[in-house]
Amino acid sequence: MPKAYAYTHNGGPETEAFIERDRPEPGPGQLLVAVRAAGVNPVDWKLRNGFRRPGAPETPLPAVFGSEIAGEVVALGPDVTGFAVGDAVFGNPVGGGYAEYALLPASIAAHKPEALSFADAATLPVAAATAYDGLRQLALPTGSTLLITGVGGGVGVAAAQIARAFGLRVVGTASEGKKDFVEALGALHVPSAGGALADRVRAAAPGGTVDAVFDLVGGEVLAEVAELVEDRTKLITAADPPAALKLGGSPVQRARTAEVLDEVAKLVLSGALRPHVTATFPLQRAADALRTVEDGHARGKVVIEVGR
Ligand SMILES: NC(=O)c1ccc[n+]([C@@H]2O[C@H](COP(=O)([O-])OP(=O)(O)OC[C@H]3O[C@@H](n4cnc5c(N)ncnc54)[C@H](OP(=O)(O)O)[C@@H]3O)[C@@H](O)[C@H]2O)c1
């Protein structure tokens, strides 16, 4: 029977287990996909810990991990148009993605361009799409300076590169060990440790100011850098919506559309966006993949490759 990596109840890593489950039946509007790659994201362990997205129903347990996949269509549910068996696709699955088979709602799935690997495509539906949504929300004029906190992680590497493609100047906070990596993204690096973060960002930023903040860390880091932007419509976070709202900023508004997936895929094909998959694991080592992200200091993206 096909395998999937799941959590059996809410809690820590001890709740994780492989389960065997029947191949899911695609419902109306759904694609059944043979998963080739699944992106690993902090939300995966947060959901295991008990986090629930606002308005989301309670998740039936065991719940399979994973919110972004790429793979091949093996069956179509009723009322699917625009896709055929054999198509290579990527998107946000329902019912998990660390699995041999997953279900994708066809309305928000995209065709994978042939030149894009399955591993790279699997990094786009959550990390790159969040970066893209945030940058569109900020709608900064060319030449503006953007601060990205946590720039060396999954969303950050995409945000820095897309911002550069949009003609922005980027300052990014990251640990000292990621300095070269961050600079290779086209960003000015500010070490995240060392106190007086806002002052150090001012010292690094061209002209001593930043026009917007895209926060990917939250908590104290977000609170410290908020003072850098007077216009709080230019303060957004993917990491800590409650803290941003208290500071007058906002969470990233996710579009979750096939159009956004097509746009980020085009950026990869044009060479403007490199997904930076820095670690891959086979499905049997899903626990190690998740630990790498849960440790909080992954470099770029971690991907699980299925069927290797
Ligand atoms: N709302 C959404 O739809 C959405 C979508 C995607 C992500 N998110 C959220 O956005 C956040 C970032 O996601 P991600 O995938 O980029 O995560 P990630 O790959 O783990 O990257 C986060 C970065 O934050 C830095 N960091 C961690 N702890 C820190 C601390 N105490 N002080 C300073 N920097 C710290 C790390 O950089 P160093 O190694 O350099 O310290 C790491 O590279 C997560 O909270 C995630 O859940 C939300």
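Student: Why is the ligand said to lie between domain 1 and domain 2?

Tutor: Domain 1 (3–123 + 275–305) and domain 2 (127–251) both give residues to the shell around the ligand, so the ligand lies between them. The domain bounds come from an automatic or database domain assignment. This is a predicted model, in which local features need pLDDT of at least 70 and side-chain atom pairs count only at pLDDT 80 or more, while totals for chains, interfaces and linings use all residues. Residues are numbered from 1 along each chain as its sequence is written, and side-chain values use heavy atoms, with hydrogens and water left out.

Student: What makes the pair K178 and ligand a polar contact?

Tutor: A polar contact is a pair of N or O atoms within 3.5 Å; within protein, one must be able to donate a hydrogen and the other to accept it, and residues adjacent in sequence count only if both atoms are side-chain atoms. An N or O atom in the side chain of K178 is 2.7 Å from an oxygen atom of the ligand, so the pair qualifies.

Student: What makes K301 and E68 a salt bridge?

Tutor: The term requires a side-chain nitrogen of Lys or Arg within 4 Å of a carboxyl oxygen of Asp or Glu. For K301 and E68 the N to O distance is 2.7 Å, so the pair meets the definition.

Student: Why is K301 called buried, and D199 partly exposed?

Tutor: Buried means under 20% relative accessible area, exposed over 50%, and partly exposed in between (1.4 Å probe, protein chains only). K301 has 3%, so K301 is buried. D199 has 48%, so D199 is partly exposed.
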